[in-house]
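This briefing covers selected features of one protein chain, grouped by topic. Please read it alongside the sequence and the coordinates.

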Amino acid sequence: MTGERSITRLDDDGADYANGAEVQILSSTATETRYSNRSDVAILSASSRSVRGPHVQSLRLDEVDEIPDEIRQAAMGMCMAREGIPASVVMTSTWHRVNGSMAGLIEQATSGAFPMHTLCVFEVLERCPESRSGKNLEKCPECPLFTYCHSHLDAVGRPKAKRSDGHYSIDSLIQKLRTTSSRTFESDYLCLAPRADGSWFSSFDPVQHVTDAVVFDPSLPLHLAIDSGVFTGAVFFQIKKARKPSEVDSVRVLSDYLSENVSAEKNALELRSIARALFNDRLGTISTDPAGGARNPVGPTVIGEYERAGLRNIRRWPQSSVSDGLALVESFMNPADGASGLLIHPRCVQLIAALRYYRRAKRGGQWQDYPEDPQHPHEDLIDALRGGLVTEFPTGRRHSSREHQSRIPLRNIF
C-alpha cells in the first residue's frame with residue numbers, strides 16, 4: 001500500500017464461514033487476500049480510478065476525513081447487494097479537520113441519516129492500578145490525565161481509567177498528551193470536536209450557548225439583520241434588556257438564513273417566509289450592511305429590492321470597526337461574571353458552524369487581531385450578527401452593577 005489513504009473492499013458470500021467451517025487463505029499479496037469461502041479482501045488507494053471499478057457487498061472507508069468528498073461519494077457506487085448479501089458501508093476516521101468530510105458526515109448522522117458510533121482512548125486504555133491512583137484516588141490530581149479522566153464519573157464515583165480494561169498503556173497516553181497540543185489530543189484521542197487554530201470565538205461552547213429553550217417572545221421586538229452579497233447571511237434575534245442593576249442584557253438568536261447566488265428579491269421573500277412560519281410575521285427592526293445601498297449591476301439598490309419584496313423601513317448598520325463589532329458579540333458570549341448572555345436555537349445550524357470556525361488572520365506565522373478575509377460562508381453569518389448587535393448597541397453595552405449604571409464604548413468592553 002502506498003502513502004495514500006485507503007479504501008478496504010470485502011466480498012463475502014458467507015456460506016462456509018457462517019457454518020463455522022475453517023477458512024483457508026488461498027493466496028495473499030500486499031494489497032489482496034483470497035479465502036477458501038470465496039471471499040476477497042482488497043486494499044485500494046483512495047483515487048478516482050480505483051473507486052470506479054469493482055462492485056462489492058461490503059465497503060470499508062478508513063480515515064474519511066482525509067478522503068476528498070468527490071472520491072468518497074464516487075466510492076458509494078461500488079457497494080451493492082449481491083448473491084443474497086445486503087450492501088453495507090462502514091466509514092471510520094479520526095475527526096481532526098474543523099470543516100472536513102467528517103464534520104459533514106457527523107452532521108448527517110446526528111440528523112438521523114445513518115447510525116453513528118464513537119469511541120475514545122479510554123475505551124481501550126488499561127485499568128489504572130491502585131499504585132498509581134492511590135486507594136482512595138488521592139494521587140489522581142498528580143496525574144497529567146486527571147482533567148480528562150475525571151470529567152465523567154460513574155454512579156459510584158469511579159473515573160474513566162478505573163472503568164477501562166484495555167490494552168493501551170497509561171504511560172503511552174501520557175506521552176501523547178505531553179507531546180501534542182491540547183487541540184490535537186482532544187480530537188485524535190478523546191473523540192471531541194476539533195478546534196480551529198486561531199479561532200476567533202474560542203469561548204464559544206455549543207453545550208453552553210445552544211439550547212432549544214430559546215423561544216420567540218411576542219412581547220419583545222424581533223430583529224432581522226442581513227449581510228448581503230454573493231453569499232447572503234441573516235439572523236433573527238431578540239434582546240432581553242436588563243431590568244435590575246444585577247441583571248445584564250441577553251441575546252437570543254432564534255433562526256438564521258444563508259444563500260449563495262440568489263437575487264435580493266428572492267432572499268427577501270425567503271426571509272419573509274421564515275418570519276411568517278416562525279414568528280407570525282412580527283418583524284420589528286430590520287437592518288443591513290450600508291453597502292446594501294450601493295447600486296448593483298442591474299440598477300436598483302439591494303435595499304430597494306428588499307423593500308419591494310416586503311421588508312420595510314430597513315436601517316443601515318452604524319459605522320464601526322469589524323474588531324469592535326466582534327468584541328461586542330464576544331461580550332455577550334463570555335461575560336466576566338460567567339453567565340452567558342448569548343443563547344442560540346439549535347435550528348441555527350449555519351450560525352453555530354460560523355461561530356465555531358470563524359478564525360483570525362495569520363501573517364508570518366502569527367495570529368492577528370483581525371479576521372481572515374474572505375471566510376465565506378462563515379463571515380456572512382458573523383457579519384449579520386455583528387451588524388445587528390451594533391445597530392441595537394451603537395455606543396456599546398451598558399455596564400450594570402448594584403452600585404451604578406453607565407454606558408461604555410465598544411473599545412472598552414473588556
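Helices here are DSSP runs of H or I with at least four residues, numbered from the N terminus. On that basis Gly387 is placed in helix α14. The model is predicted. The points below take up helix α14, then strand β7 and its partners, then the aromatic rings.

**Helix α14**

- Helix α14 spans residues 378-392 and includes Arg386.
- Arg386 counts as buried because its relative accessibility is 10%, and the cut-off for burial is under 20%.
- Beyond its neighbours within four places in sequence, Arg386 is in contact with Val322, Gly325, Leu326 and Val329.
- Gly387, also in helix α14, has a relative accessible area of 3% and is therefore buried.
- The C-alpha atom of Gly387 is separated by 5.7 Å from that of Trp317, although the two residues are 70 residues apart along the chain.

**Strand β7 and its partners**

- Strand β7 covers residues 223-227, and 5 of its 5 residues are buried, so the strand is largely enclosed by the rest of the structure.
- His223, Ala225 and Asp227 point one way from β7, while Leu224 and Ile226 point the other way; all are buried.
- Strand β8 (residues 231-240) runs antiparallel to β7 and is joined to it by 5 bridges.
- Within this pairing, Ile226 stands opposite Ala234 of β8.
- The hairpin of β7 and β8 has 3 residues between the strands, and Gly229 in this hairpin takes a positive phi near 160°.
- Strand β10 (residues 285-288) pairs with β7 in the parallel sense, over 4 bridges.
- His223 of β7 has Thr285 as its bridge partner in β10.

**Aromatic rings**

- Rings of Phe, Tyr and Trp pair if their centres lie within 6.5 Å, and by this rule the count comes to 7 aromatic pairs.
- Phe185 and Tyr189 have ring centres 5.4 Å apart and planes at 25°, so this pair is stacked; the cut-off for stacking is under 30 degrees.
- Both residues lie in helix α8 (residues 182-189), where Phe185 and Tyr189 are 4 residues apart, about one turn of the helix.
- Phe185 is buried because its relative accessible area is 1%.
- Tyr148 joins Phe185 and Tyr189 in one aromatic cluster.
- Elsewhere, Arg360 lies over the face of Trp200, at 4.1 Å from the ring centre.

Note on methods: Residues numbered from 1 in each chain as written. Predicted model: local features only at pLDDT ≥ 70, side-chain atom pairs only at ≥ 80, totals over all residues. Heavy atoms only, no water. Phe/Tyr/Trp six-rings, centres within 6.5 Å; stacked < 30°, edge-to-face > 60°. Helix = DSSP H or I, 4+ residues; strand = E, 2+ residues; numbered from the N terminus. Buried < 20%, exposed > 50% of the residue type's maximum accessible area, 1.4 Å probe, protein only. Lys NZ or Arg CZ within 6 Å of the ring centre and 35° of its normal. Contact = heavy atoms within 4.5 Å. Pairing = 2+ DSSP bridges.
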